[in-house]
Amino acid sequence: MGCTTTLRRIGQKVVQRIKRDGVLATLSRAVEVILWESRKLDPVFRERERESREYDSLYNVDTSGKILKEDLSFPKEVEEWCNWYEPTPPYLIREFVRHLPEDLSNFHWIDLGSGKGRVVFMCSRYRMKAITGIELSPWLYEISVQNQKSFRDPNQQTFSLNFLHGDAQAIVFPSDDLIISLYNSFTGPVLEAVLDNLRRSLEELPREAYLIYVNPLQADVVEQSGMFEKIAQGDKYKIFGAKRR
Ligand SMILES: C[S@@+](CC[C@H](N)C(=O)[O-])C[C@H]1O[C@@H](n2cnc3c(N)ncnc32)[C@H](O)[C@@H]1O
């Protein structure tokens with residue numbers, strides 16, 4: 001395809017988008033795409049992407065790639081606060097686990113905003129009671145369920161893997177010790193509602209609980225909740241432990 005034809009097609013797409021979403025939303029999406037594409041110039045980022053794709057091909061799943069929020073069909077009333085899909089890189093999951101207790105067998109890991117299921121599948125290498133992911137996008141939820149059918153890992157140690165479709169605000173926390181992860185899945189009132197729900201659950205039944213917050217843009221909300229204290233942090237995450245009462 002010639003350069004002029006490509007440019008004409010891009011131009012037509014931009015005009016369609018502006019008609020559909022307005023100038024501001026189109027501009028903000030263009031900036032997001034350009035920022036995402038420019039990350040591919042960074043060799044460290046490219047190596048992480050390679051590891052991500054390798055994970056998928058080794059364990060027979062499809063969890064890689066970024067999907068912008070406009071394509072995730074979030075309900076109108078919460079979409080402002082809900083964020084895009086991007087899987088946690090495998091190296092980070094290994095790093096989180098090093099900060100957690102050695103014996104996880106009494107813990108239930110809950111991934112809030114589980115996307116295509118990467119965290120659920122990777123964590124199944126560690127022996128826990130169960131692992132549950134909850135995902136708001138119907139499309140991503142379906143992919144996670146399909147992935148569960150094809151997933152094979154000879155090192156799997158947790159077999160109770162559950163995927164739920166719905167808003168993380170609606171989750172009922174199980175009575176086990178908890179590890180909760182979220183990858184900047186949502187902010188604002190959605191994050192506050194989830195933390196309130198968690199606070200009630202821990203007050204009713206005090207138990208061991210950890211919160212792993214990746215890309216922690218609103219870590220102040222967690223810190224100000226008074227419920228958790230920070231136990232570890234890296235470039236891209238903070239891990240909190242529930243204060244014992
Ligand atoms: C950055 S991705 C993380 C995916 C996965 N946890 C992982 O680390 O591989 C954030 C996910 O949160 C989901 N999400 C956003 N708002 C949500 C909500 N209110 N309830 C449940 N899932 C939500 C998005 O659809 C997206 O899949």
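In which sense do strand 1 and strand 2 pair, and over how many bridges? The points below take this up for a predicted model.

1. Strand 1 (residues 107-112) and strand 2 (residues 130-135) are parallel partners, joined over 5 bridges. Within this pairing, histidine 108 faces alanine 130 of strand 2. Helix 6 (residues 138-150) packs on the sheet and touches both strand 2 and strand 3. Its direction makes about 160° with that of strand 3.

2. The sheet as a whole is open and has 7 strands. Their order is 3-2-1-4-5-7-6, and the pairing is mixed. Strand 3 (161-165) and strand 6 (228-234) are the edges. Each has a single partner strand, so one side of each lacks a neighbour in the sheet. On average, neighbouring strands are turned by 20° against each other, direction ignored.

3. Strand 1 also pairs with strand 4. The two run parallel and are joined by 6 bridges. Here isoleucine 110 stands opposite isoleucine 180 of strand 4.

4. Strand 4 (residues 177-183) deserves a look for burial. Of its 7 residues, 6 are buried, so the rest of the structure largely encloses this strand.

5. Strand 4 and strand 5 (residues 209-214) pair in the parallel sense, over 6 bridges. Isoleucine 179 has tyrosine 210 in strand 5 as its bridge partner. Between these strands the chain passes through helix 7 (residues 188-204). This β-α-β crossover is right-handed.

6. One general point for reading the strands: in a regular strand, side chains alternate between the two faces of the sheet.

Definitions and conventions: Residues numbered from 1 in each chain as written. Predicted model: local features only at pLDDT ≥ 70, side-chain atom pairs only at ≥ 80, totals over all residues. Pairing = 2+ DSSP bridges. Helix = DSSP H or I, 4+ residues; strand = E, 2+ residues; numbered from the N terminus. Axes fitted to C-alpha atoms, helices over the stretch in contact; angles between N-to-C directions. Contact = placed C-beta atoms within 7 Å. Buried ≥ 20, exposed ≤ 12 C-beta atoms within 10 Å, placed from the backbone. Right-handed = clockwise from strand over helix to strand, strands pointing away.
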